[in-house]
Amino acid sequence: MYFNKVTYSWIFSFLLSTVTFAQGSDKIIWTSDTDLLPQNSVKSIVPDKYGYLWLSTENGLVRYDGKNYKIYNSQNLNLKSNRTLFIQGNPISDSLFVATDFSQDLVLIHNREAIKVDSSKIPNSKTYLNTDGKFHNAVGAFAVDLDEYEYKVSLPSLKYYIITKNEIKYYSSKNKLLASTPFINAEAKNFFSIGEKLFYLKNAEHFAVFTEGKIKWNYLNNVFSTDFQLIWNKASNQVFIISDNLLSRIKFQNEKLTLEVIIKNEQIKLKSIIAVYYDENIQTLFLGSSTSGLGIHKKQKFKTISYFDDKHSSVFYAIESFSDKTILSASGFVMNKDTIVHNYNFITRDKTIMHLDQNKNLWLKSHNNLYYYSKADEYKKFKTYTFSEKTQTIFQENPDKIWVVLVKGIENRSRLVYFKPNQNPTFKTYCSLDFRVNYMQKSLDGKIWLAGSKGLYELDYGLNILKHIKGTGNLDIRSVLQTGQNEVWICTYESGFYVYKDGVLHKFPLDKNGYLSTTHYIMEDTNGFFWITTNKGLFQVKKEALRSYIKNPDKSIYYHYYNKESGFFTNEFNGGSSPFSAKLGTQFFLPSMNGVVTFDTKKIKPLEPNNPIYIDEIKVDDKAIGVSNSFNLPNNYQRVTFSFSSPYFGNPFNTNFEAKLEGPTGLGWTPLSVENKYSFTKLSPGSYTLTVRKLSGFDSEYTYKKVKIEIAPLFYETRWFILLMVLLGALLIYTAIKVYSNNVRRRNKILIRKIAEKTKDLQDTIGTLRTTKDNMKKQADKNNKLIQIISHDIKSPLKFMSMASKYMYDDFDPNSPDLKENILAIYTSSSQIYNFLDNVLSYSKVNSADGELENDHFLLCEEIQHKIRFFKNIANAEKTHLNNLIPKEFLLHTNRSLFAIIIHNLLDNALKHTNMTVIEFSAKKEEDNVFITIKDGGKGMNLETLHYYQSVISDFDLNKNKSNKKLGFHLVIELMLILNGKIELQSTEGKGTIITLQFSNQTEKESS
């Protein structure tokens, strides 16, 4: 260690003109058609109910959410012209309108979307289209020739003013004239309304206000140039005036017009501003230019103080509070919250370490040297103390002790030296350490925190104990901040930041870009927030949110980010210094690679991204479908894309959208794309829930949006198909096992099989005998039935033949006229027997046939007539008339032989019970059904017999009750069933019987 003689510092001239501050405070950022806008002429700017900003341009309508621009034009709205005019309407009621060029189309802005509407169905559409006769509707400050048009200014109450070249008329909402005021030499462009009042700005000094049609002149409190431009945003109820390079907002308070300067910028008079909107909540100004697109100016709460003459002097490191209103940098600059006020021009070029002791004497370091500047000498003289090692940092433990850390070369070993601050200090070595000490701070219990290349240590000087904090060995610590007895916050190189709380080390998650991996230091304000500097910008986080994360590590943390857009010259702050920052009350000073950033923490009002999340668009295979919170997807889709938005006009870094898909095929939380889009391709069928979320502010709570999705399965993806496949698989497995088991047991079953074969032969023989027995029984039944039929149907003709023969025998007379008649009767009866036997043979063939009946077409009249001729003699004997009323061309399609048996039996039965009356045959056709009726006037049936046969017809069983009833009608019923026909029986005792036969499907059969 060497002591050098006192030398004098250089004194440089200091010019305030070299200092700049409040970087970007009046900066305007322009967006044009070379960026995202469709065209450079922005005619109007109006917010909607949901927080989006709408711009009308010469090439479409634009929705701006603070990050993305969505364009509506002829491609998606089918407009006749893309040239949109001025936006009108009421944002609060979610009904804004904009017309296209020449009033060809009317577009409604509603529910965050723009849609083309039928103007004939919109009330006041003529106002929006400006087609209301000779009136020119006021949409904003507009140059209208009052010699040609009358200027209409509508008010929120629907009352309105009509401005002509000679007078101003005031009307009710029902078009009743309420007042009229003479007014000449007016310019339409200088009229505007605020609420229910109409104003006329005559010049820079005078204005008129109309209240319910009554005029009152007044003076302006603010004076501006006579060459001014009035901009009236009618839809937003805002009025602005541009004078020279000032843009001010006009307000009406206490019966006076006042001007509030929003921005002073040379671009104001150069950019042809035609539209203005100012959002007071976020203190952001939106400008529409006729040539330069959209301009955005954000009021900055951050200032950057820098010095530009020396290229190196703009880099600031160590700074410290110097007085109640100033701070001092290691480079010698003294500054207040607005500007640099002095420069001491310290000799050292090392700006990283400085210390003001209790006497306001200054200690600086550079390489192996320690410099001492005395306040008594006004910091113009200094002393130098030289060490063999490099000076690393300086720390004052108490008024009588200052520590100096010395580091040897690149060995990362430290030597701790302390001394009592005076003009002739004595330096004493306390200890040597095997790590580099970067930072020292006194703990709340009087110990010393040592932060270095191997973690965090706690030094108890009194007890000579150095305690290593568990878990920090691999951390290269840059700084620490103790906020409680058991709470120490730690900033590191490359490893983020931590808290050592209650003996446990907790690591915090990084921001989405990993900027917090290198944290310099943490400053705490009086509002419960931490401010963290990095090489990529400044972060603000709520301290309680960090504490909540310690209790629940699954909880996310909202980090609010600031960068150059906030008023910095650079995003790179400096932290390898001591002291690393300074405070003047609530005013913070943070050194950076280009100036000192300063701000008042009480005046900072961060814009949090707390707006809801909305679905903008859903596309299935690049085709837009209706936006809904739930929808069904076809199973043949290829890709689905969702577009989300949430209006936010702060730094886009602060909106962090994530999405998660839950369902049969789940996908975890993933960040959305830059355009806030989320896509997925083919998924398994089923029910899904897509959840999108974003942190909404410092409380680290999420805002959610959920979409329900149903994906229909393909046939082979359905449950029943899968179940069928499972069953089939199980069956195959079972079959395989069964085959294997059978093969194993095959030899053991050979003997059993032979016995079974013998047994089977015997069983087959028995079965054959049983079948033969059954067939013989059936044949016997048939034979018995045939005998009964023969006995039944031969009985009548034989009886008649017997009667005729007896008559001939008893009264034989060759010359008798009755002889020939009796012989004819015998002939007829024998013919009847022959025909009957032929019918019996036919019936027998039908019962023995194995196949279907053979049907054919035949003339019904002819068949009936044949039967009438057959029974004519018997009918004559009974003096009964047989009438055939069936048309000759009437066709019937059925089995002719069986039909003949049916008619034969029915006619035979009718003759047996008929005497001296008429039997009629008739037929009719309804649709494809044929009805044949046999009607007689005979004895009829009693109720018991009628009910019996009707029950037989409804439930036929030939073997049932046939012993005590006539067989003929049972045969008729059975044959009708064989022919698939129906029979209906009606009879009244003493009046006769009507039998109706029904045959179906006759139309089809005839066509065939």
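Two strands are taken as paired if DSSP finds at least two bridges between them, and this criterion underlies the account of the sheets given below for a model that is predicted. In strand 52 of this model, Gly 537 is the bridge partner of Thr 534. The two residues belong to a pairing in which strand 51 (residues 529–534) and strand 52 (residues 537–542) run antiparallel and are joined by six bridges.

These strands are part of an open sheet of four strands, which has the order 50-51-52-53 and antiparallel pairing. Because strand 50 (519–524) and strand 53 (560–562) each have a single partner strand, they stand at the edges, and one side of each is left without a neighbour in the sheet. On average, and with direction ignored, neighbouring strands of this sheet are turned by 25° against each other. Helix 3 (residues 543–551) lies across strand 50, strand 51 and strand 52, and runs at about 70° to strand 52.

Helix 3 also takes part in a link to another strand, since Arg 547 forms a salt bridge with Glu 487, in which the closest N and O atoms are 2.7 Å apart. Glu 487 lies in strand 47 (residues 487–492) and Arg 547 in helix 3, so the salt bridge ties together parts that are 60 residues apart in sequence. Glu 487 is buried, with a relative accessible area of 3%, whereas Arg 547, at 22% relative accessibility, counts as partly exposed.

In the protein as a whole, the structure holds 33 salt bridges. One of them joins the side chains of Asp 350 and Lys 365 at 2.9 Å, N to O. This pair links distant parts of the chain, with Asp 350 in the loop between strand 33 (340–343) and strand 34 (354–356), and Lys 365, 15 residues apart from it, in strand 35 (residues 362–366). Asp 350 counts as buried at 15% relative accessibility, and Lys 365 likewise counts as buried at 4%. A further salt bridge is formed by Glu 260 with Lys 251, the closest N and O atoms being 3.1 Å apart; here Glu 260 is partly exposed, with a relative accessible area of 29%, and Lys 251 is partly exposed at 22%.

A second open sheet consists of four strands in the order 4-28-27-26, and its pairing is antiparallel. Its edge strands are strand 4 (29–31) and strand 26 (273–279), each of which pairs on one side only. Neighbouring strands of this sheet are turned against each other by 20° on average, direction ignored. Within the sheet, strand 27 (residues 284–289) pairs with strand 28 (residues 293–298) in the antiparallel sense over six bridges, and Thr 284 stands opposite Lys 298 in strand 28.

On the surface, a nonpolar patch with about 980 Å² of accessible area together is formed by Phe 715, Tyr 716, Trp 720, Leu 724, Met 725, Leu 728, Leu 731, Leu 732 and Tyr 734. Among these residues, Tyr 716 is placed in the loop between strand 65 (702–711) and helix 4 (719–745), and counts as partly exposed at 43% relative accessibility.

Taken overall, the protein contains twelve helices and 72 strands, and 49% of its 1008 residues count as buried. Of the contacts with a separation of 6 or more, 53% are accounted for by residues 24 or more positions apart. The protein exposes about 51200 Å², of which carbon and sulfur atoms supply 51%.

Note on methods: Residues are numbered from 1 along each chain as its sequence is written. This is a predicted model: local features need pLDDT of at least 70, side-chain atom pairs count only at pLDDT 80 or more; totals for chains, interfaces and linings use all residues. Side-chain values use heavy atoms; hydrogens and water are left out. Buried means under 20% relative accessible area, exposed over 50%, partly exposed in between (1.4 Å probe, protein chains only). Contact means heavy atoms within 4.5 Å. Accessible areas come from the Shrake-Rupley method with a 1.4 Å probe; for residues, only the protein chains shown count as cover. Axes are lines fitted to C-alpha atoms, for helices over the stretch in contact, and angles run from 0 to 180 degrees between N-to-C directions. Patches are made of residues with over 30% relative accessible area and no salt bridge: like charges are joined within 9 Å, nonpolar side chains (Val, Leu, Ile, Met, Phe, Trp, Tyr) within 5 Å. A salt bridge is a side-chain nitrogen of Lys or Arg within 4 Å of a carboxyl oxygen of Asp or Glu.
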